[in-house]
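User: Hi! Could you walk me through the empty space inside this one?
Analyst: Happy to, here it is.

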Amino acid sequence: MALKVVIKKEKVDDARPRQSARDDDKTEIEARILELLRKYPKGINDKILETHMPNLDIQIRVDVINDLLTKKKMKLFQAPGTNELFWGLNEQPVSIKLKEVDKEENVVMRIIEEAGNKGILNKDIRDQSGLNLTTINKILKALEGKNLIKSVLSISVAKIKVYMLFDLQPDRSVTGGSWYTDGEFESELVDIVNQQCYRMLQQKAEAAKLKAMDGPLIVRNASFLSSKEICQMISDMNIVKFNLTVEEIEAILETLVYDGKIEMRMVSDGDERIKTYRIVETLLSSAAIVRIPCGVCPVIKICGTAGEVQPKNCVYYDQWLD
Amino acid sequence: MEKLSAKSDPIYLGEAIVKKALAVMIQHNLVKFQASERNNNVAEYSMMHHNVYCLIRYPKYLYMIKRIYGTSEEILLEILLNLGQASASNVIFHSANRLNEANDSEVLSPSALHQSFQRLAQDNFIIRCPKLAENATLLKVPTLEIEEKEKFAVPNVEIEPIARMLKEKATQLGGHCDSEIIWRVNHERFDIELRNVILVNAAARRVDTTAGELYHLILKLWRESSNPDSPATTPVSYNVIKDAVRKNDSSPILLEHFDHYLRVLHEDSAGLIDKPGDAGGGQFNLDYSKVFENLACASLDSIVLERFGSKALRLFRLTRIQKFMEQDQMQNVAMIPAKEAKMFTYKLLEHNFLQIKELKKGTSNFAPVKSFILYHVDLPQVVRTVLEASYKGLFNAMVRQMHDLTENKRLLEKHAMLESMLERLKGDDGVPEEEIAELSDTMHPAEKSLVEKIHLMSDNLTLGQTQADETILILESYLKFKSKEL
């Protein structure tokens with residue numbers, strides 16, 4: 001009797017040969033997608049992918065895209081208007097940095113990146129990363145040396161530096177807007193702009209007075225200037241090298257209101273309400289008491305009929321009566 | 001109410017002198033009396049503070065009356081101020097005498113003066129003193145009373161006896177028919193007038209002088225229709241104001257732009273005119289408490305400005321307008337560098353212009369409790385502090401003046417004697433010029449210049465006192481109307 005030989009077929013995974021083919025395909029498809037991303041820097045959506053690679057299997061496309069996302073070669077974002085999903089090329093692949101710097105430095109980098117526009121304090125980096133203070137300082141110095149991050153003087157925390165990525169523009173809350181340079185409050189600049197605004201309002205008021213024959217209402221209404229107009233005039237004068245926004249001018253004008261020199265009135269112009277300003281006179285030219293030495297005397301509290309400070313031998317009176 | 005017990009006081013003046021002093025003060029409206037609560041037969045004397053204070057304002061009263069009416073009314077008022085309380089005939093008689101001394105050419109008829117007197121009474125500048133009550137003679141301490149409608153009623157004055165006395169160059173008017181009806185100066189009316197001057201000036205500064213004119217007219221209308229003690233005037237309608245403007249022969253610009261002026265004054269943030277309603281074309285009144293709050297704030301602002309500087313003023317106004325502020329907020333909104341802002345804030349705090357309110361941020365029991373420190377301006381308190389300082393300033397000016405004059409008393413007396421002698425000699429024509437020259441040389445030119453200087457200093461101090469008085473008026477009015485509104 002003869003034995004039947006049964007040759008067992010080994011189970012061959014059919015997918016594997018396709019897998020390797022797939023791998024090759026994948027890299028090719030990756031390259032093509034990256035090329036597309038470069039071609040359309042504003043971003044591509046699924047539709048564009050379909051039109052360019054119509055034969056692509058959806059599963060493969062999804063795999064490739066996921067790969068690229070994990071490698072951080074591309075990123076997903078939403079279009080601001082339509083909230084549609086777009087793919088974009090990630091210009092700064094962090095993975096490259098990963099090769100150059102240490103793992104710890106990488107951690108610090110990521111924390112700083114997350115802080116974005118507003119930057120992050122030394123202390124906060126320490127809290128988030130859990131690293132040693134000296135280590136962090138060393139890393140920060142190294143990163144600054146490589147021009148990957150920079151430090152900016154923050155006004156809110158009184159001369160403390162915040163760190164942010166090198167290319168980012170610091171947010172206004174950190175630098176304090178136009179009034180602060182290097183974390184210092186520019187009081188001379190504020191004073192100059194202050195005086196300019198006041199002078200402009202004075203000129204307007206004087207021009208308005210020429211119309212006195214038309215009645216006081218015309219004179220008063222003609223002496224108003226809106227904050228936009230003032231901003232425009234100041235920009236035209238080129239006192240400052242950069243442009244001042246309307247909000248900043250309004251802040252200056254508010255200080256003039258608090259000086260008692262001008263008053264503000266809201267006027268509705270079409271749909272919006274705008275602020276207009278004009279010069280006002282004080283109710284009294286000066287409180288009468290300040291015309292005698294006692295009104296402005298710094299030691300009035302201790303002045304009396306006996307003792308060191310008396311009106312009889314008061315030096316301020318002597319000066320005043322001469 | 002002080003009961004003056006002369007015998008136990010260290011300055012024992014003697015009863016007769018004390019009685020005379022009291023009588024003089026009562027005559028001049030500085031002291032009043034009434035029956036004691038415990039014992040009806042004993043009188044208690046009390047001081048009328050406001051009237052004593054108003055002594056310093058007498059020159060201002062004369063100037064105002066002269067400006068509003070003329071010389072004869074001014075003289076009438078001066079005589080009345082000198083006499084304290086007097087009957088109409090007496091006042092007219094003495095004024096006529098004074099005027100005749102001044103200019104010998106014209107002899108003023110008493111009837112003209114009588115008319116001036118009536119004018120003063122009509123406008124309430126002078127007021128009748130209360131007279132003896134009906135059963136007063138029965139009581140040991142008489143009571144005085146007067147009816148509302150009699151307060152400004154001028155009695156019939158017999159001109160004839162007065163004219164006769166004047167011709168005879170008498171110094172005293174004898175008995176006359178209205179000797180029982182006695183008048184005195186009405187201080188409240190003058191206060192109103194002084195306040196009106198300040199308000200009109202404020203209106204003129206805010207808009208222009210024509211607006212000041214209009215405001216003056218409106219103030220007059222308000223005064224005529226309102227009760228002087230109320231915190232706001234009774235409303236006056238648009239038509240009434242317009243009529244008054246037309247009747248008053250005002251400047252043509254005012255007539256032409258009357259609506260505009262009224263509107264601009266009404267819309268001004270100082271609160272010079274309020275519009276409570278629209279009846280009769282618009283009802284307008286004045287809220288004294290609001291206007292005087294603004295004026296008091298303006299005075300305080302000016303004082304802070306002169307004492308501490310413009311940055312401190314900004315911080316002060318900011319805190320006052322925003323009610324409560326933190327230190328950081330103040331320095332951000334005011335755009336003042338941090339260090340300076342802190343310095344000025346603490347200076348204002350030290351001199352009681354700013355007050356502090358602490359609110360605790362109560363959190364855990366373990367951590368030290370943090371608190372919000374808020375700055376605010378407690379306006380009545382600040383006004384009271386500054387008012388006290390102003391009184392002190394006024395007092396200092398007076399003390400200094402007295403001191404200067406008494407120190408150089410001898411010199412001044414010598415100078416005065418010399419001047420009077422020179423006057424007399426110049427009057428007699430027969431004296432040769434050398435004698436005059438010799439006499440004037442008895443005083444060294446340095447001494448003469450010193451006397452000049454002393455007179456100048458004294459004048460400056462008097463002016464200074466009137467200035468202090470002006471601020472005091474504003475601050476006192478604010479406190480008075482503030483307490484009324486509550």
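Analyst: First, a term: a cavity is a set of grid points where a 1.4 Å probe fits but cannot get out, and its lining residues have an atom within 4 Å of a point. Also, please keep in mind that this is a predicted model.

User: Thanks! How many cavities of 30 Å³ or more does the search find?
Analyst: Four, over the whole structure.

User: What lines the second largest cavity?
Analyst: Its lining consists of His28(B), Asn29(B), Tyr58(B), Leu80(B), Leu81(B), Gly84(B), Val185(B) and His187(B). That lining splits into four nonpolar and four polar residues, with no charged ones. The volume of the second largest cavity is about 50 Å³.

User: And how much space lies in the largest cavity?
Analyst: About 80 Å³. Residues of chain A in the lining include Pro293(A), Ile300(A), Tyr316(A) and Tyr317(A), and Asn396(B) lines the cavity too. By class, the lining holds ten nonpolar residues, two polar and no charged.

User: Which cysteines line the largest cavity?
Analyst: Cys294(A), Cys297(A), Cys303(A) and Cys314(A).

User: Why is Cys303(A) not bonded to Cys294(A)?
Analyst: The two sulfurs are 6.2 Å apart, which is too far for a bond, and Cys294(A) holds the closest cysteine sulfur to that of Cys303(A). A disulfide needs the sulfurs within 2.5 Å. Cys303(A) is also buried, at 9% relative accessibility.

User: Switching topic, how many disulfides are there over all chains?
Analyst: Zero. Take Cys197(A): its nearest cysteine sulfur belongs to Cys231(A), 9.1 Å away.

User: Is Cys197(A) buried or exposed?
Analyst: Buried, with a relative accessible area of 0%.

Notes: Residues are numbered from 1 along each chain as its sequence is written. Chains are lettered from A and ligands numbered from 1 in the order in which they are written. This is a predicted model: local features need pLDDT of at least 70, side-chain atom pairs count only at pLDDT 80 or more; totals for chains, interfaces and linings use all residues. Side-chain values use heavy atoms; hydrogens and water are left out. On a 1 Å grid over the protein atoms alone, a cavity is a set of points where a 1.4 Å probe fits but cannot get out, and a pocket is an open set with protein on both sides within 12 Å along at least five of seven lines; lining residues have an atom within 4 Å of a point. Grid points are joined across faces, edges and corners, and a volume is the space filled by probe spheres set on the points. Ala, Val, Leu, Ile, Met, Phe, Trp, Tyr, Cys and Pro count as nonpolar, Asp, Glu, Lys and Arg as charged, and the others, Gly among them, as polar. Buried means under 20% relative accessible area, exposed over 50%, partly exposed in between (1.4 Å probe, protein chains only).
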